[in-house]
Number of protein chains: 2
Amino acid sequence: MSAMAAELPDSDPPARKLTARGRDRRHAVLEYATSRFAENGYHPTSVSDIVDGIGVGKGVFYWYFPSKDDLLLEILRDALFDLRRSQEAEIADSDDPLERLELGIRASLTWLVANQDILRITMFCWTEETFARALRKGRRIIIADTAKHIQEAMDRGLIEPGDPEVMATAVRGVIDELARSYAVGVTKVESDVLDLAVRLCLHGLTGKQS
Amino acid sequence: MSAMAAELPDSDPPARKLTARGRDRRHAVLEYATSRFAENGYHPTSVSDIVDGIGVGKGVFYWYFPSKDDLLLEILRDALFDLRRSQEAEIADSDDPLERLELGIRASLTWLVANQDILRITMFCWTEETFARALRKGRRIIIADTAKHIQEAMDRGLIEPGDPEVMATAVRGVIDELARSYAVGVTKVESDVLDLAVRLCLHGLTGKQS
DNA sequence: GAAAAACTTGACCGGTCGGTCTACTGACGG
DNA sequence: CCGTCAGTAGACCGACCGGTCAAGTTTTTC
């Protein structure tokens, strides 16, 4: 459906120069599209719906985004960026790898719960290869982030030896599933979920009660 | 997009009379569509793709199904039916509610793992109201099934008092999330998942080690 | 064996969708 | 005040999609 070229997925090739007004408009499109996709579905939300919704012409959309697919891909990219940012901000102060792990888990889960639109869009994205590919790439990055701390904790003998990549995958799995089940209403209040996630992951990794 | 009438969701109003050949064809469409939807996505798979794929004319599709949306709804309905069927078959022999609970959990999880196409389609369905509604209805039924056994176990003092509906929701949540994470590859081999699910749920409900 | 009912075909249709394009606006630098 | 260029509008386009239908074939029924 979209272009056949552009195999390098990072940083838009043109990288247009935007004025202040331009950045605002672009942001508005991103914002509005995210909410519409989340509550209406991707395909049922047409480009016309989006531009009509924010009261602009169709030209605006295609001035800022090469295609509808690219818009969604960019929503995903931004989300990943933002999630990592808030995770790293939370971690920055600590130099204990286990604590960094805990803070990272809390930050991630908090972010996911606060961005349920993204959570919902993500569910859709897993069902179509074009987007699932981007999701897998993003998850690999996030897992690498987590694995780094696990590796370090392992080096210090805080965690039993094993493949840090696999352990990180498990940890991210717990976080994702908890976020989803919280969003669906299975799990209770937010702070409970946080504690549960931390307990589950750290206890699981270290083999000790926290 | 689809009809406005038909508020009674059960049993197709016309209930066409099918010959043996008819049942086969109909089943072939259901089968093929399920696999295509699962691996290509619902919207990107057109009705023409489906009929071309099984080498028939478009008329065949609309002879057996009133619309594409209805086809998906029927896939969901069949899946729910089949899941409940295999669950009840597994349970039938036992008259201990706790054992019925365990057998039900194992049967459900086994079914979900064996029907990952459905699992994947389901993920899509949560993202569009038309189908999410059907999913919620189905879950309510499944939860009621589970709650019945919990209620009974509670009456016999095998489970601490509480709202059986809520407990059943939690149990089904565990099952769904485990199935999904198994499908994604987070969790390990099948039998491990089964034991984990049973331990988690029963231990959680009874407060005892199994 | 004929009437009826089940089934099949594929050309066709109306509508919508993603995307293009031309003409225009407006802000800003020099 | 003019040139430039980011930004904007929306008519327009080709493709395709879900769905229809008239005309046919096959199967069942009596």
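Start by selecting helix H3 (58-64) of chain A, then add helix H1 (20-40) and helix H3 (58-64) of chain B: each supplies at least two residues of the surface near DNA strand C. Keep in mind, as you click around, that this is a predicted model. Colour H3(B) separately, since you will meet it again; the largest share of that surface, 5 residues, comes from this helix.

**Stop 1: around strand C**

Now show everything surrounding DNA strand C. You should find 20 residues, the closest being Lys58(A), Lys68(A), Thr19(B), Gly57(B) and Gly59(B). Colour the surface by class and you get 7 nonpolar, 7 polar and 6 charged residues. Which part of the strand faces the protein? Of the strand C atoms within 4 Å of the protein, 66% belong to sugar or phosphate and the rest to bases.

Zoom in on the phosphate oxygens of strand C for three pairs:

- Thr19(B) places a polar side-chain atom 2.5 Å from a phosphate oxygen.
- Lys17(B) uses a backbone N or O atom, at 3.3 Å from a phosphate oxygen.
- Trp63(B) has a side-chain N or O atom 3.4 Å from a phosphate oxygen.

**Stop 2: over to strand D**

Select DNA strand D next. Here 21 residues surround the strand, and the closest are Thr19(A), Arg25(A), Gly57(A), Lys58(B) and Lys68(B). The surface has 7 nonpolar, 7 polar and 7 charged residues. H1 (20-40) and H3 of chain A, together with H3 of chain B, each supply at least two of its residues, with the largest share, 5 residues, coming from H3(A). Of the strand D atoms within 4 Å of the protein, sugar or phosphate accounts for 65% and bases for the rest.

Two phosphate pairs are good to label: a backbone N or O atom of Thr19(A) at 2.8 Å, and a polar side-chain atom of Tyr64(A) at 2.9 Å. Then pick Lys58(B), where a polar side-chain atom lies 2.6 Å from a base oxygen.

**Stop 3: where the chains meet**

Hide the DNA and look at the two protein chains. A rotation of 180° with 0.0 Å of shift along its axis superposes chain A on chain B, with an RMSD of 0.0 Å. The two copies are thus related as by a two-fold rotation axis. To locate that axis, centre on Phe124(A), whose C-alpha comes closest among chain A residues, at 2.6 Å. The copies meet through the same surface, because 100% of the interface residues of chain A are also interface residues in chain B.

Finish on Glu177(B), in helix H8 (residues 164-184) of chain B. Is its side buried or exposed? Glu177(B) is buried, with a relative accessible area of 12%. Leaving aside neighbours within four places in sequence, Glu177(B) contacts Glu177(A), Arg180(A) and Ser181(A).

Key. Residues numbered from 1 in each chain as written. Chains lettered and ligands numbered in written order. Predicted model: local features only at pLDDT ≥ 70, side-chain atom pairs only at ≥ 80, totals over all residues. Heavy atoms only, no water. Least-squares fit on C-alpha atoms with pLDDT ≥ 70 in both. Contact = heavy atoms within 4.5 Å. Helix = DSSP H or I, 4+ residues; strand = E, 2+ residues; numbered from the N terminus. Buried < 20%, exposed > 50% of the residue type's maximum accessible area, 1.4 Å probe, protein only. Near = heavy atom within 4 Å. Polar contact = N/O pair within 3.5 Å; in protein donor to acceptor, adjacent residues only side chain to side chain. Nonpolar A, V, L, I, M, F, W, Y, C, P; charged D, E, K, R; others polar.
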